[in-house]
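Dear colleague,

Please find the structure below, together with its sequence. My notes on the central strand arrangement follow it.

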Amino acid sequence: MAKHILVVDDSKTVRNLVAFILKKEGFKVTTAENGLDGLEKLYSSQEKIDLIISDVNMPKMDGFKVLERIRNSGR
């Protein structure tokens, strides 16, 4: 089974490029346009997400806040 990666970046170009490369290498990829969207997709995913690749500087919620929320969630 392919590893599942969540790519979180506010730049559509970067998000799509990273997703394209990862998919080409056989990974399952989900994308999110900011940290808040990324957390929503992480917690609502029916499949385990194995890795998150995140931008640091994003609107609504930056990458550091995403990491903090994940660590504090107990998941």
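Strand E1 (residues 4-8) is largely enclosed by the rest of the structure, because five of its five residues are buried; buried means under 20% relative accessible area with a 1.4 Å probe, protein chains only. Strands and helices here are DSSP runs (E, at least two residues; H or I, at least four), numbered from the N terminus. This is a predicted model, in which local features need pLDDT of at least 70 and side-chain atom pairs count only at pLDDT 80 or more, while totals for chains, interfaces and linings use all residues. Residues are numbered from 1 along each chain as its sequence is written, and side-chain values use heavy atoms, with hydrogens and water left out.

Both faces of E1 are covered: His4, Leu6 and Val8 are buried on one side, and Ile5 and Val7 on the other.

Strands count as paired if DSSP finds at least two bridges between them. E1 runs parallel to strand E2 (residues 28-32), to which five bridges join it. Within this pair, Val29 is the bridge partner of Ile5, and Ala32 stands opposite Val8. Four bridges link E1 in the parallel sense to strand E3 (residues 51-54), where Ile52 partners Leu6.

The three strands thus form an open, parallel sheet in the order E2-E1-E3. E2 and E3 stand at the edges with a single partner strand each, so one side of each has no neighbour in the sheet.

Kind regards

How values were computed
Buried means under 20% relative accessible area, exposed over 50%, partly exposed in between (1.4 Å probe, protein chains only).
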